[in-house]
Amino acid sequence: MENLPKNKKIILYDGVCNLCDSAVQRIIKHDSKDVFRFVALQSDLGQKIIKHLGIDTQKTDSIILYQPGFAYYYKSEAVLEIAKDLSGLFYFGTLFSILPTSLNNHIYDYIAKNRYKWYGKKETCLIPTKELQAKFLE
């Protein structure tokens, strides 16, 4: 894990989920401070990071925020932590942090469980354009 950027927050996401892909695109658009880098959960690097962190993939399968050398978050906590660093209306998403984590996770789990049914999925992970390649880790 020594090759990961230490000054960036790494978002591990479901690379075949259309909802997750859309969320990644929105995060990139509103990441005005260039805080985030992205790794598909299905990639070799994604699997190495999950193993390094000791995350049980039965607990989450759609988003993890990893701050190398500091902490990691998953489910609703990851979403709220990501929102803190975004510009625009996304920052107001942090207002959900006043709700109990169990309630936020219940809502998150419901959406995550139905994401393929509601939004569909792709056969392969997103292939970033040349302009965006630096935002994605391999």
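The following paragraphs describe the overall form of a predicted model, then a strand hairpin and two loop residues.

The secondary structure of the chain consists of four helices and four strands. Along the sequence these elements follow the pattern β-α-β-α-β-β-α-α. The radius of gyration is 14 Å, close to the 14 Å given by the globule rule for 138 residues, so the chain is as compact as a globular protein of that length. Taken along the principal axes, the box filled by the C-alpha atoms is roughly 35 × 30 × 30 Å.

Of the 138 residues in the chain, 43% are buried. Contacts between residues at least 6 apart in sequence were also considered, and 69% of these join residues at least 24 apart. The chain exposes about 8500 Å², of which carbon and sulfur atoms supply 56%. The chain carries 19 positive and 15 negative charges, and the mean positions of the two sets are 2 Å apart.

Strand β3, which spans residues 63-67, runs antiparallel to β4 and is joined to β4 by four bridges. One of the residues involved is Q67, whose bridge partner in β4 is A71. The two strands form a hairpin with three residues between them, and in this hairpin G69 takes a positive phi near 75°.

Most residues other than glycine have a negative phi. Positive values nevertheless occur at D34 and at K75, neither of which is a glycine. D34 has a phi of about 55° and lies in the loop between α1 (18-30) and β2 (36-40). The relative accessible area of D34 is 29%. Because this value falls between the 20% limit for buried residues and the 50% limit for exposed ones, D34 is classed as partly exposed.

K75 has a phi near 60°. The residue is found in the loop between β4 (71-74) and α3 (76-84), and β4 is also the strand that pairs with β3 in the antiparallel arrangement described above. The relative accessibility of K75 is 14%, which is under the 20% cut-off, so K75 counts as buried. The two loop residues with positive phi thus fall into separate classes of accessibility, with D34 partly exposed and K75 buried.

Key: Residues numbered from 1 in each chain as written. Predicted model: local features only at pLDDT ≥ 70, side-chain atom pairs only at ≥ 80, totals over all residues. Heavy atoms only, no water. Buried < 20%, exposed > 50% of the residue type's maximum accessible area, 1.4 Å probe, protein only. Rg over C-alpha atoms; globule rule 2.2 N^0.38 Å. Contact = heavy atoms within 4.5 Å. Areas by Shrake-Rupley, 256 points an atom, 1.4 Å probe, with all protein chains shown as cover. Lys, Arg positive; Asp, Glu negative; His and termini not counted. Charge placed at Lys NZ, Arg CZ, Asp CG, Glu CD. Pairing = 2+ DSSP bridges.
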